Amino acid sequence: MQRQELPQDVVAGLQRILLLDPSPADPLDTLTAFSPVDSLNALFPNGKALLRIWKESLARLDTVRTQLATQQKEIQDEIDALRLELRRDQDPNRLQTIQELIAELLSQMNRIREKATESEAIVQDITKEIQILDLGKKNLVTTITSLKRLQILMNSVSQLESLAEAKDYTQIAHTLGATKELFVFFKNYSTIPTVAALTKRFQAVQGRIRTQLERDFDTFFLQDPTKPISPTLVSQGCLVVDVLGEDVRWAPLIALTTSGILTIVIIFDDSHQYIDRYCSMELKDYRRIFKPSDEAGQLDNLSRRFSWFRKQLASSDEEYGQVFPPAWKVGQHLVARFAEITREDLSILLAKASSTMSVAQLLEALQMALDFENVMAGKYGVSFPELLQSAASPLRPGLSPRTTLSSAFEQYMNIFVDAQDKALADMLAPFRGAVKSRQSIDSAAGSGGASSEGEGRVVMVLPSSTELFYFYGQTLEQCAKLFTGKPLFDLATLHKKWLGIYAEDVLFAGIKGTPKTERERRSVEGRFTEVKTACTVLNTADYCQTTASELEEKIKEKVSEDYQEKISLQAERELFVSVISSCIVVLLRELEAACEPAFAAMIKTQWSALDTVSGESPYVSDLVKAADSVLEVIRSHIEQKKYLRNFYDKAASLLITRFTNALVKSRPLGEVGPQQVMIDLQGVKACLLRFPQGMESGALSASYTRSVTKSTTRLETLLKVVNSPTDPSAGFISNYTLLIGDSSFSNFQKARLVIDLKGVSKAEQNEILDTFLAMTSRMNELETTSFLSSLDMDPPAGPITAGSALNTPNHSSPSLPMLATPSNAGLMTPPLGSVSPAPSPSEPKREVFSDLRRLVNFTMRRERDRAAAEAASGNHPVS
């Protein structure tokens, strides 16, 4: 019996898993080429060697037995020791001893705890008198300290009473602060009569001081010539107010205001405070002069308002700058009060003028407000919102919320947005619509458009697209400087709207264009114009799609966080992608139109009449020339290589599909026809492989080459089947199963129909079909489908892309089902419903039979033929 060796890869895998040496010294460790006979001969070269080894083994037998007995005894001794230890550990007496030891340990712990308690009681008894002495000392020190502080407090209150009579605000400030600190110490002693009496005296003297301060501030604010008051006294009074606390500084007051001879009584309610009262005094003339109902208070005189206040602020700083402490921030409060009054007036004025106001007036007034805010922010070294926040009441911050002057304009920024909408409508009006869009594209292509040099060629982008995004950038920057909230979001929504309009009414309308006559479609110049137009629109759509992404990121950077998640231009980018797809459809349509005469010539060729095989047919050179001329224009006008690769895939699929359809339409091929078509196919394949010339990525070019080769190889396989002789039928079927590799009856019918079977009798045709069924029924390894499954034996007449309608991008993108996967092209034609008009109800509908129905019909026909043959020979079949 012949011994079979293991494969080398299996041996290597076993050696790697078992960690064996690939070249072992011991032959028993090898996995291959092991010979037991050679190994035994090496160990026992002759009979004497075998006898010697047997004698040596007998001599060593006693030694081995002694060693085994010794090892057995050692193991038995170890087992006995372990059993003895186990019995000792399980002894009940030992467990009882352990429990007694634990109980004794617990008893010792209890005795130690009791002794510790006794020791603690002894120590406390020894130190009891010492603790009493320490407590007495502490109480005595506290009493002496309290008496001393009480004496000081009584003196301070008496001193405050005398200072209040003398209006010595400087000393009052020092004494009042110290007295308030002393009263903090006596807060827990308020129930003692002496302390309670001092508290009442202190509250009374504070009330007198506050009354005097109010009277002095009133006199100072009113500037009564009959009762002059020194600014120094008011400045010292401010120190006392600070000591009294912020509740006094912001306390409500009642005062009189005198303007010349006329005396005006103003009563301030609880919302007016010291500083607010001063601000109201300073701004009383402002409210009188710039009333919203008067001419001076109108929106046109907004600059006069700011000029008046700047002069008033400078005068107040000069006159009262040394009176109020810097911590009071009187200037900031005056600015905040002015901003509050002015904002209320602006809200009234804007509400009245919103219906008639122009965007120029709105932006001019808004810019003046922003300039004023910037000037005030620079004066005090903080932003204007921070300035308003610092001027809010610390006791009641929610009492009078203040916002910026410019915020009054925010709700009226729709005027600005509407103006941009109108400007965009005017900007794109010359380009919207099919006619205007096509004229603008042709004009741009004729003048060069917005071009950029790249890789030695000129690529064009419509100037209207660059103008559109430049306008977007300008308006975005302008609005972001004013507001980053809802107005900027509304402007972004407007940009989104006009991007969609530009994609539909300008770009898509441009490639649909004005319908051309058949003569213009067939002219080379007209065809190149269509190709250039489609390339220009494709480049523009790609530019818009890329720039829209950058625009979205820029808007998100500038808009407030509340609106960032709502900003998205994804739908508009998809519109531009749909425009790009439509442009590629147009390019494919022009390519097919250029190659249409060559395919028409191929269909008209009488292949069955050929006697010999010559070089390439004339239609191949025409096809190659037409394809190269269109491709040359496309390469020089498309900027992005990724779209070229996409176009090459679809163009190759289109031309191979048209070649296949023309081949099916031109049947029968005869005997020499398939050989001539294979030569022509090589010329077409060479043309297709030249499409991606100049592409930088070798991987993409190699992938394209594999795709084209796969598609043409399938067509070559079909031609080889067609070229096979049908006699004998078994040889033809064997060749079919070897090349095609499927057992589908309908696919075999397709291959058979391509052959010229006019000279074959009906009986011979039935014999071929019978032989096919008989042979394929035994070939279980065959597939049920192959590339012939997609071969249409009744392809549509005319160009494939002629029926590809360019839908509006807003609804759907153009569908090219047969161009989606170029690797499946070659023998596949697109579904009729997707590329050609739907048949009218009067047209007959072509039925497609399944394999089972074909098989049943064939079987019934064969039985009828067999019955007829038996009847002719005189043999009656048994029913």
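**Exercise 1. The helix α15**

Task: State which residues of α15 are buried, and which helices they pack against.

Solution. In this predicted model, the buried residues of α15 are I415, F416, V417, Q420, L424 and L428. The next step is to find their partners. These buried residues pack against α13 (359-380), α17 and α18 (486-512). The helix itself has 15 residues, and its first and last C-alpha atoms lie 21 Å apart, close to the 21 Å expected at 1.5 Å a residue.

**Exercise 2. The pair α15 and α17**

Task: Determine how α15 is oriented relative to α17, and which residues make the contact.

Solution. Begin with the geometry: α15 (residues 414-428) and α17 (residues 463-482) pack at an angle of about 170°, and their axes are 12 Å apart. Angles over 145 degrees count as roughly antiparallel, so α15 is roughly antiparallel to α17.

Next, consider the residues. From α15, the contact involves F416, Q420, A423, L424, M427 and L428. From α17, the participants are E467, L468, F471, Y472, T475, Q478 and C479. Sorted by class, this contact of α15 with α17 comprises nine nonpolar, three polar and one charged residues. F416, Q420, L424 and L428 are also listed among the buried residues of α15.

**Exercise 3. A residue between two helices**

Task: Locate F483, decide whether F483 is buried or exposed, and identify its contacts beyond four places in sequence.

Solution. F483 sits in the loop between α17 and α18. Its relative accessible area is 8%; buried means under 20%, and F483 is therefore buried.

For the contacts, neighbours within four places in sequence are set aside. F483 then contacts L366, S406, S407, F409, E410, M413 and L488. One of these partners, S406, is 77 residues from F483 in sequence, yet their C-alpha atoms are 8.9 Å apart.

S406 also allows a comparison with A339, a residue of helix α12 (residues 330-353). A339 and S406 are 67 residues apart in sequence and 9.7 Å apart from C-alpha to C-alpha. A339 is buried, with a relative accessible area of 0%. Not counting residues up to four places away in sequence, A339 touches F384, L388 and L405.

**Exercise 4. The pair α22 and α23**

Task: Describe how the axes of α22 and α23 are arranged, and classify the residues in their contact.

Solution. The axes of α22 and α23 (residues 618-637) cross at roughly 170° and come within 8 Å. The two helices are therefore roughly antiparallel to each other.

The residues of α22 in this contact are L587, L591, A594, C595, A598, F599, A601 and M602. Those of α23 are Y619, D622, L623, A626, A627, V630, L631 and I634. By class, the contact has 15 nonpolar, no polar and one charged residues.

**Exercise 5. The nonpolar cores**

Task: State how many residues the largest nonpolar core has, and which helix gives the most to this core.

Solution. The largest nonpolar core has 168 residues. Within this core, F309, F647 and F691 have the most contacts. Helix α22 (residues 570-604) gives the most to the core, namely 15 residues. As a general tendency, nonpolar side chains in soluble globular proteins are buried together.

F309 can be examined further. Apart from neighbours within four places in sequence, F309 is in contact with L283, L334, V335, F338, F372 and M376. Another core, of five residues, lies apart from the largest one and includes V721, F732, I733 and F772.

**Exercise 6. The helix α24 and the residue Q676**

Task: Compare the span of α24 with its expected span, and decide whether Q676 is buried or exposed.

Solution. α24 (residues 641-665) has 25 residues and should span 36 Å at 1.5 Å a residue; its end C-alpha atoms are 36 Å apart, so the two values agree. Of its 25 residues, 21 are buried, and α24 is thus mostly covered.

Q676 belongs to helix α25 (residues 673-689). With a relative accessible area of 3%, Q676 is buried. Beyond four places in sequence, Q676 touches W607, L610, V613, S614, G615, E616 and S617. W607 is 69 residues from Q676 along the chain, while their C-alpha atoms are separated by 8.3 Å.

Note on methods:
Residues are numbered from 1 along each chain as its sequence is written. This is a predicted model: local features need pLDDT of at least 70, side-chain atom pairs count only at pLDDT 80 or more; totals for chains, interfaces and linings use all residues. Side-chain values use heavy atoms; hydrogens and water are left out. Axes are lines fitted to C-alpha atoms, for helices over the stretch in contact, and angles run from 0 to 180 degrees between N-to-C directions. Angles under 35 degrees count as roughly parallel, over 145 as roughly antiparallel, 65 to 115 as roughly perpendicular and the rest as oblique. Contact means heavy atoms within 4.5 Å. Ala, Val, Leu, Ile, Met, Phe, Trp, Tyr, Cys and Pro count as nonpolar, Asp, Glu, Lys and Arg as charged, and the others, Gly among them, as polar. A nonpolar core is a set of buried Ala, Val, Leu, Ile, Met, Phe, Trp, Tyr and Cys residues joined through side-chain atoms within 4.5 Å. Buried means under 20% relative accessible area, exposed over 50%, partly exposed in between (1.4 Å probe, protein chains only). The expected span of a helix is 1.5 Å times one less than its number of residues.
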